[in-house]
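Here's a walk through a fold, strand by strand and then out to the pockets. Have the viewer open and follow along.

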Amino acid sequence: MTDPNLGLLTQDRRGWSGHLPWPDSSQRISLRIESTGEPPNDSVGTAVWACLGNYSTLSGRLRSAPFSLWQPYVAQRLWEEEWPTSPEMLWAQLKLDGIEVQRSGEIVLLYAFKGEVWPDAIFSVQVSGADVHPLHLDD
């Protein structure tokens with residue numbers, strides 16, 4: 001289906017998926033909308049674009065959230081180059097990779113390392129208005 005706010009979406013057993021242009025670059029980010037099968041309503045697109053529109057305002061809080069998930073790894077030093085030991089160092093190595101809209105309507109931003117540093121690591125950060133909550137680090 002083509003959503004007027006979110007573009008082309010494809011349905012599977014878990015919901016809907018697509019890609020969004022990242023407002024500040026030519027990068028596209030994945031979009032995942034959890035659903036029991038119903039197409040997303042207008043409020044989903046409005047919430048996603050409101051979150052992206054508020055992204056620069058949230059950047060300070062967003063920088064610290066992935067680092068709180070990273071802290072257990074700081075002492076492990078899994079690779080030699082540019083090992084992140086501060087929120088700023090980690091933030092410089094991350095990119096926004098995707099957005100998930102949960103069935104509850106909560107928005108989760110997914111961050112991945114740029115390049116091949118740790119290609120399967122995903123930092124999940126929940127955003128609700130101006131509140132930012134680190135959720136988990138998956139690898």
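Let's start with one pair of residues: Ala-112 has Ile-122, in S8, as its bridge partner. Keep in mind as you look that this is a predicted model. The same two strands also put Tyr-111 opposite Phe-123 in S8. Zoom out a little and you can see the whole pairing: S7, residues 107-113, and S8, residues 122-128, run antiparallel and are joined over six bridges.

Now take in the sheet that this pair belongs to. Seven strands make up an open sheet, and its order is S3-S4-S5-S6-S7-S8-S9, with mixed pairing. At the edges sit strand S3 (10-12) and strand S9 (131-138), each of which pairs on one side only. On average, neighbouring strands in this sheet are turned by 25° against each other, if you ignore direction.

Go to the other side of S7 next. S6 and S7 are antiparallel too, and seven bridges join them. One of the matches to pick out is Gly-98, whose bridge partner in S7 is Leu-110. The hairpin of S6 and S7 has five residues between the strands, and there Gly-105 takes a positive phi near 95°.

While you're on S6, stop at Glu-100, which lies in that strand. Setting aside its neighbours within four places in sequence, Glu-100 is in contact with Arg-32, Glu-106, Ile-107, Val-108 and Leu-110. For a sense of distance, try His-133: it is 33 residues from Glu-100 along the chain, and the C-alpha atoms of the two are separated by 14 Å.

Moving on past S8, you reach S9. S8 and S9 run antiparallel, with seven bridges joining them. Val-127 has Val-132 as its bridge partner in S9, and Ser-124 stands opposite His-136, also in S9. The hairpin of S8 and S9 has two residues between the strands, and Gly-129 in that hairpin takes a positive phi near 65°.

Asp-131 is worth a click here, and its place is in strand S9. Is Asp-131 buried or partly exposed? Its relative accessibility is 45%, so Asp-131 counts as partly exposed. Measure across to Trp-91 if you like: Asp-131 and Trp-91 are 40 residues apart in sequence, and 18 Å apart in space, C-alpha to C-alpha.

How does that go for S7 and S8? S7 is mostly covered, with seven of its seven residues buried. Colour S7 by the direction its residues point: Ile-107, Leu-109, Tyr-111 and Phe-113 go one way, Val-108, Leu-110 and Ala-112 go the other way, and all are buried. S8 is mostly covered as well, with five of its seven residues buried.

Now bring in the helices. Helix H1 (residues 42-53) lies across strand S4 (15-21), strand S5 (28-34), strand S6 (94-101), S7 and S8. Its direction is about 160° to S6. Helix H2 (residues 55-70) lies across S6, S7, S8 and S9, and H2 runs at about 35° to S9.

That leaves the empty space. Rolling a probe the size of a water molecule over the atoms shows where such space is left. In the largest pocket there is about 190 Å³ of it. Which residues line the largest pocket? They are Trp-22, Gln-27, Tyr-55, Ser-56, Ser-59, Arg-63, Trp-91, Leu-94, Lys-95, Leu-96 and Tyr-111. The elements giving two or more residues to that lining are H2 and S6, and H2 supplies the largest share, four residues. By type, the lining of the largest pocket divides into six nonpolar, three polar and two charged residues. You'll recognise Tyr-111 in that list: it's the residue that stands opposite Phe-123 in S8.

The second largest pocket holds about 150 Å³ of space. It is lined by 13 residues, and the closest to its centre are Ile-33, Glu-34, Pro-40, Asn-41 and Val-44. The lining of this second largest pocket divides into five nonpolar, five polar and three charged residues.

Technical notes:
Residues are numbered from 1 along each chain as its sequence is written. This is a predicted model: local features need pLDDT of at least 70, side-chain atom pairs count only at pLDDT 80 or more; totals for chains, interfaces and linings use all residues. Side-chain values use heavy atoms; hydrogens and water are left out. Two strands pair if DSSP finds at least two bridges between them. Axes are lines fitted to C-alpha atoms, for helices over the stretch in contact, and angles run from 0 to 180 degrees between N-to-C directions. Contact means heavy atoms within 4.5 Å. On a 1 Å grid over the protein atoms alone, a cavity is a set of points where a 1.4 Å probe fits but cannot get out, and a pocket is an open set with protein on both sides within 12 Å along at least five of seven lines; lining residues have an atom within 4 Å of a point. Grid points are joined across faces, edges and corners, and a volume is the space filled by probe spheres set on the points. Ala, Val, Leu, Ile, Met, Phe, Trp, Tyr, Cys and Pro count as nonpolar, Asp, Glu, Lys and Arg as charged, and the others, Gly among them, as polar. Buried means under 20% relative accessible area, exposed over 50%, partly exposed in between (1.4 Å probe, protein chains only).
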